[in-house]
Amino acid sequence: MSVSALEAFLARIYVDQKAREKFLENRDSEAVKAGLSAGEVEAVRHIDQVGLELLAVSLERKRQKHHSKRR
Amino acid sequence: MAVEVNKMTIRKDCFGLGWRPQLAAGILSNLDRIDLVEVIADDFFSASRHERRALQTLATQVPITLHGVSLGLASSVPVNRRRLDFIARLCEEVKPLSWSEHLAFVRGGGVEIGHLAAPPRCSETIDGTLSNLTLAYNIVGVAPQVENVATLIDPPYSDYDEGSWVSEIISNSKSDLLLDLHNLYANSLNFDFNPLDFISQIPADRVQGIHLAGGKWVGRANARRLLDDHLHDVPDPVYALLEEVGARTEPGLMVILERDGDFPSIETLLDQLERARRAIARGRMRSKINLRREDAA
């Protein structure tokens with residue numbers, strides 16, 4: 001399995017709040033469901049949660065700013 | 001499509017600002033103190049012919065460097081050829097001094113992240129990035145400078161530290177480094193490493209561009225991170241890093257101050273550029289003195 005599955009998984013949990021919450025509730029099963037390799041599952045099991053949550057907030061603010069600029 | 005960018009050889013350091021509409025009047029009335037401007041290429045992705053002509057006119061007034069934000073070069077996924085064709089066309093129209101992109105991924109599995117994300121620092125993303133850089137070179141005709149990104153999250157599945165991952169990409173491609181010193185500074189504080197170690201890992205002659213910016217702390221006291229938001233003045237430690245880069249490199253750097261909002265007066269920004277000139281000059285002087293000492297010893 002290519003690391004592209006991991007990139008897709010990260011993109012989803014960075015952007016999608018529900019996906020992120022589900023992942024934080026049950027990291028292994030969500031990672032396995034996404035088709036990640038054993039090594040990738042192990043890596044996301046120990047994901048930097050502080051960074052993940054701060055990144056999600058930052059991205060949400062950027063999207064809101066972008067959206068309001070477009071209106 | 002291969003195009004020629006401006007082949008003007010820059011032997012002296014050049015100092016400029018990121019082109020933003022709010023700064024346009026201030027920039028155009030101070031071209032004696034600004035050597036170049038950096039234009040966000042993506043802003044012209046769906047621009048009208050009139051807007052593109054305005055950019056060409058700007059390029060006749062001040063040298064331009066083009067900066068991309070949405071290619072997603074640092075990914076195991078191939079970069080979109082249509083976006084590269086667009087960059088090639090813009091380079092052909094504007095004849096910039098150079099063009100650049102980030103070492104980031106910006107989408108995955110059909111999801112647009114909407115900003116720059118640090119990819120897992122592993123051999124697969126190095127290989128993917130190198131393939132994307134080759135494609136970019138083949139289509140645009142000039143290799144992009146590549147920029148290190150700031151990140152709030154320590155990218156999972158990384159078996160390289162940031163310095164060695166970037167160094168591996170630079171060393172195996174035609175791309176030089178656009179070294180964003182605030183991104184480096186923020187990452188060093190957020191993930192507890194010495195930014196000088198990063199700088200010493202990069203071949204000095206491959207550092208061709210510098211970005212300067214500011215940021216702010218976000219998060220709770222015991223779990224905070226420095227966010228590179230481009231809304232604040234350049235902090236002192238970033239000038240210290242710039243001096244260090246000056247001491248290690250030859251003249252010819254393109255130094256860009258990026259400011260995306262909460263704009264201060266143009267004088268304040270020009271003062272920061274002046275401070276950047278002095279930091280590099282100090283570094284260069286330090287390097288000369290050290291060389292003389294070595295010769296005398």
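**B:Leu270**

I started with B:Leu270 in this predicted model, asking whether B:Leu270 is buried or exposed. Neither: I count 18 other C-beta atoms within 10 Å, so B:Leu270 goes down as partly exposed. The cut-off for buried is 20 or more. B:Leu270 belongs to helix α9 of chain B, residues 266-296.

Then I checked which residues B:Leu270 is in contact with, leaving aside its neighbours within four places in sequence. I got B:Asn30 and B:Arg33. I also took the C-alpha separation to B:Ile34, which comes to 8.1 Å. Along the chain, B:Leu270 and B:Ile34 are 236 residues apart.

**B:Arg248**

Next I looked up B:Arg248, which sits in helix α8 of chain B, residues 236-248. I find 19 C-beta neighbours inside 10 Å, so B:Arg248 is partly exposed.

Setting aside neighbours within four places in sequence, I see B:Arg248 in contact with B:Ile199 and B:Ala204. I tried B:Asp295 as well: its C-alpha atom is 17 Å from that of B:Arg248, with the two positions 47 residues apart along the chain.

**α8(B) against α9(B)**

Both of those residues sit in helices, B:Leu270 in α9(B) and B:Arg248 in α8(B), and I wanted to know how the two helices cross. Their axes come within 7 Å, at roughly 40 degrees. I therefore call α8(B) and α9(B) oblique to each other. The crossing of α8(B) past α9(B) is right-handed.

I wrote down who meets whom. From α8(B) there are B:Tyr239, B:Leu242, B:Glu243, B:Glu244, B:Val245, B:Gly246 and B:Ala247. Among the α9(B) residues they meet are B:Arg275, B:Arg282, B:Arg284 and B:Arg286, along with B:Ala276, B:Ala279 and B:Ile280. By class, I have seven nonpolar, three polar and six charged residues in this contact.

**α3(B) against α4(B)**

I looked up another helix pair: α3(B), residues 81-94, and α4(B), residues 123-140. I get an angle of about 45 degrees, with the axes 9 Å apart. α3(B) and α4(B) are therefore oblique to each other, and α3(B) passes α4(B) in a right-handed crossing.

On the α3(B) side I list B:Arg81, B:Leu84, B:Asp85, B:Ile87, B:Ala88 and B:Cys91. They meet B:Leu135, B:Ala136, B:Ile139 and B:Val140 of α4(B). Which classes turn up here? I have eight nonpolar residues, two charged ones and no polar ones.

**α6(B)**

Why do I call α6(B), residues 181-190, largely enclosed by the rest of the structure? Because eight of its ten residues are buried. I noted them as B:Leu181, B:His182, B:Asn183, B:Leu184, B:Tyr185, B:Ala186, B:Asn187 and B:Asn190.

I then checked what covers those buried residues, and the cover includes α5 (162-171), β8 (177-180), α7 (195-201), β9 (207-212), β11 and α8 of chain B. I also looked at what follows α6(B): B:Asp192 has a positive phi, near 55 degrees.

**Where chain B touches chain A**

I count 27 residues of chain B in contact with 27 residues of chain A. On the chain B side, the elements that give two or more residues are β5 (105-108), β6 (111-117), α4 (123-140), β10 (216-220) and β11 (223-227). β6(B) has the largest share, with five residues. Sorted by class, I have 15 nonpolar, eight polar and four charged residues on that side of chain B.

Two of these elements were already in my notes: α4(B) packs with α3(B), and β11(B) is part of what covers the buried residues of α6(B).

**Chain A**

For chain A I find five helices and zero strands, in the order α-α-α-α-α from the N terminus on. The C-alpha box along the principal axes is roughly 45 × 25 × 15 Å. Of the 71 residues, 34% count as buried. Taking contacts with a separation of 6 or more, I get 47% from residues 24 or more positions apart.

**Confidence**

Last, I looked up the scores. Chain B averages a pLDDT of 95, with 97% of the residues scoring at least 70. For the model, I noted ipTM 0.93 and pTM 0.95. My reminder for the rest: where pLDDT is low, the predicted coordinates should not be read in detail.

Note on methods. Residues are numbered from 1 along each chain as its sequence is written. Chains are lettered from A and ligands numbered from 1 in the order in which they are written. This is a predicted model: local features need pLDDT of at least 70, side-chain atom pairs count only at pLDDT 80 or more; totals for chains, interfaces and linings use all residues. Two residues are in contact if their C-beta atoms, placed from the backbone, lie within 7 Å. Helices (H or I, at least four residues) and strands (E, at least two) are DSSP runs, numbered from the N terminus. Ala, Val, Leu, Ile, Met, Phe, Trp, Tyr, Cys and Pro count as nonpolar, Asp, Glu, Lys and Arg as charged, and the others, Gly among them, as polar. A residue is buried if 20 or more other C-beta atoms lie within 10 Å of its own, exposed if 12 or fewer, and partly exposed in between; C-beta atoms are placed from the backbone. pLDDT is the predictor's confidence in each residue, from 0 to 100. Axes are lines fitted to C-alpha atoms, for helices over the stretch in contact, and angles run from 0 to 180 degrees between N-to-C directions. Angles under 35 degrees count as roughly parallel, over 145 as roughly antiparallel, 65 to 115 as roughly perpendicular and the rest as oblique. A crossing is left-handed if the near helix is turned anticlockwise from the far one by less than a right angle, and right-handed if clockwise.
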